[in-house]
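User: Hey, got a minute to go over this one with me? I'd like to start with the pockets.

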Amino acid sequence: MTAKHGDRLLEDDAVAVIKTELLKHAYLVTPNRMEAEILSGISIASLDDARHAARRIHDLGPAAVIVKGGHLATAADEVIDLLYDGSDFIEYVGPRVRSTNTHGTGCTFGAAVTAALVLGQPLVEATRSAKTYVEQAIRHGQAIGHGYRPLEHFWNKCR
């Protein structure tokens with residue numbers, strides 16, 4: 001829906017269809033801060049705002065929402081991802097890894113949660129596993145190309 005720097009990737013009519021037709025069929029959605037703002041209709045400047053947004057997104061139909069914390073205004077040295085399952089909030093706190101190897105973090109996180117769920121992990125553990133996986137993929141990223149560089153998706157297989 002949006003790139004890491006806020007560039008819109010979808011037209012407004014596509015966003016409307018996501019909100020009215022797609023989310024009601026979703027088990028899990030993993031918006032970044034900007035996407036959560038679009039889906040919830042509120043500005044997010046704090047963790048409390050992220051909780052409010054997660055509730056509003058959950059009301060659109062998905063069983064669970066993870067507002068990813070990479071763009072949230074939390075402490076400079078930590079990232080807090082916020083899981084909401086319709087009744088409880090769980091915060092996943094991890095270190096903010098200073099790196100340019102962050103191209104694809106959101107897609108990788110969503111795919112990692114999905115893979116863990118397919119392997120039978122409960123959502124709470126799947127989220128924790130995905131967060132750890134992405135953190136390490138950033139840490140082990142290769143210095144190739146310019147600008148935001150790719151993650152090392154096989155960090156635990158190639159080293």
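User: Which residues lie nearest the centre of the largest pocket?

Analyst: Keep in mind that this is a predicted model. The residues nearest the centre of the largest pocket are Asn32, Lys68, His71, Thr105 and Gly106, out of 42 that line it.

User: And which elements give two or more residues to that lining?

Analyst: Helices H1 (12–22), H2 (33–40), H4 (105–118) and H5 (123–139) do, along with strands S3 (78–84) and S4 (89–95). H4 supplies the largest share, with five residues.

User: OK, what volume are we talking about for the largest pocket?

Analyst: About 1200 Å³.

User: How does the lining split by class?

Analyst: There are 19 nonpolar residues, 15 polar ones and eight charged ones in the lining of the largest pocket.

User: Switching to the fold: how many helices and strands does the protein chain have?

Analyst: Six helices and four strands. Read from the N terminus, the order is α-β-α-α-β-β-β-α-α-α. The radius of gyration is 15 Å, close to the 15 Å from the globule rule for 159 residues, so the chain is as compact as a globular protein of that length.

User: What does the C-alpha trace span along its principal axes?

Analyst: Roughly a box of about 45 × 35 × 30 Å.

User: And how much of the chain counts as buried?

Analyst: 40% of the 159 residues. The chain exposes about 8500 Å², with carbon and sulfur atoms supplying 54% of that.

User: Last one: what share of contacts between residues at least 6 apart in sequence join residues at least 24 apart?

Analyst: That share is 50%.

Notes:
Residues are numbered from 1 along each chain as its sequence is written. This is a predicted model: local features need pLDDT of at least 70, side-chain atom pairs count only at pLDDT 80 or more; totals for chains, interfaces and linings use all residues. Side-chain values use heavy atoms; hydrogens and water are left out. On a 1 Å grid over the protein atoms alone, a cavity is a set of points where a 1.4 Å probe fits but cannot get out, and a pocket is an open set with protein on both sides within 12 Å along at least five of seven lines; lining residues have an atom within 4 Å of a point. Grid points are joined across faces, edges and corners, and a volume is the space filled by probe spheres set on the points. Ala, Val, Leu, Ile, Met, Phe, Trp, Tyr, Cys and Pro count as nonpolar, Asp, Glu, Lys and Arg as charged, and the others, Gly among them, as polar. The radius of gyration is taken over C-alpha atoms; the globule rule is 2.2 Å times the number of residues to the power 0.38. Buried means under 20% relative accessible area, exposed over 50%, partly exposed in between (1.4 Å probe, protein chains only). Contact means heavy atoms within 4.5 Å. Accessible areas come from the Shrake-Rupley method with a 1.4 Å probe; for residues, only the protein chains shown count as cover.
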